[in-house]
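This report covers the salt bridges, strand pairing and nonpolar cores of one protein chain. The sequence and structure come first.

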Amino acid sequence: MQPAIDVVVVGACGKMGREVVRAVQKEEDLRLAGAVDRNEVGREIGELLGLGPLGVPIRSSLEEWLAAADLARAERPCVMVDFTRPEGVLER
């Protein structure tokens with residue numbers, strides 16, 4: 001059996017980001033590894049969405065998530081899904 005693919009959702013608190021988080025949670029071969037958004041920073045994404053605790057705090061930036069992630073010990077593939085708004089990206 002293949003290891004689950006870790007998924008980081010950037011823009012996790014937006015309408016589409018929330019749906020991506022929910023979709024990832026439904027799939028056996030995916031694992032929510034991170035949630036990034038400017039809103040709700042520090043809150044637990046699963047509790048925010050009514051999914052129960054998932055152990056995934058919302059980080060303020062991808063850089064913050066990368067700093068907190070232990071990628072050197074990662075044993076599975078990792079992907080990022082970006083549902084941010086273009087104007088939000090251009091502000092940085």
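In this predicted model, Glu64 has a relative accessible area of 29% and is therefore partly exposed. Its salt-bridge partner is Arg59, with the closest N and O atoms 3.9 Å apart. Arg59 is also partly exposed, at 23% relative accessible area.

**Salt bridges**

The whole structure contains 4 salt bridges. Three of them are listed here, among them the Glu64 pair.

| Pair | Closest N and O atoms | Relative accessibility |
|---|---|---|
| Arg31 and Asp6 | 2.7 Å | Arg31 36%, Asp6 8% |
| Glu40 and Arg43 | 3.0 Å | Glu40 33%, Arg43 40% |
| Glu64 and Arg59 | 3.9 Å | Glu64 29%, Arg59 23% |

Asp6, at 8%, counts as buried because the cut-off for that class is under 20%. Its partner Arg31 counts as partly exposed. Because Arg31 lies in strand β2 and Asp6 in strand β1, this salt bridge ties together parts that are 25 residues apart in sequence. In the second row of the table, Glu40 is partly exposed, and so is Arg43.

**Strand pairing**

The strands β1 and β2 run parallel and are joined by 6 bridges. Ile5 has Leu30 of β2 as its bridge partner. Between these two strands the chain passes through α1, and the resulting β-α-β crossover is right-handed. β1 also pairs with strand β4, residues 78–82, again in the parallel sense, over 5 bridges. There, Val10 has Asp82 of β4 as its bridge partner. Of the 6 residues of β1, 5 are buried, so this strand is largely enclosed by the rest of the structure.

**Nonpolar cores**

The largest nonpolar core has 14 residues, and Val9, Val21, Leu32 and Ile45 have the most contacts inside it. At least two residues of this core come from each of β1 (5–10), α1 (15–26), β2 (30–36) and α2 (45–48). The biggest contribution is that of α1, with 3 residues.

Which residues does Leu32 contact, leaving aside its neighbours within four places in sequence? They are Val7, Val9, Val21, Val24, Gln25, Ile45, Leu54 and Val56.

A second core, separate from the largest, has 5 residues, including Val8, Val10, Ala33 and Trp65. In a regular strand, side chains alternate between the two faces of the sheet. Val9 belongs to the largest core, whereas Val8 and Val10 belong to the second.

Technical notes:
Residues numbered from 1 in each chain as written. Predicted model: local features only at pLDDT ≥ 70, side-chain atom pairs only at ≥ 80, totals over all residues. Heavy atoms only, no water. Core = buried A, V, L, I, M, F, W, Y, C linked by side-chain atoms within 4.5 Å. Buried < 20%, exposed > 50% of the residue type's maximum accessible area, 1.4 Å probe, protein only. Helix = DSSP H or I, 4+ residues; strand = E, 2+ residues; numbered from the N terminus. Contact = heavy atoms within 4.5 Å. Pairing = 2+ DSSP bridges. Right-handed = clockwise from strand over helix to strand, strands pointing away. Salt bridge = Lys/Arg side-chain N within 4 Å of Asp/Glu carboxyl O.
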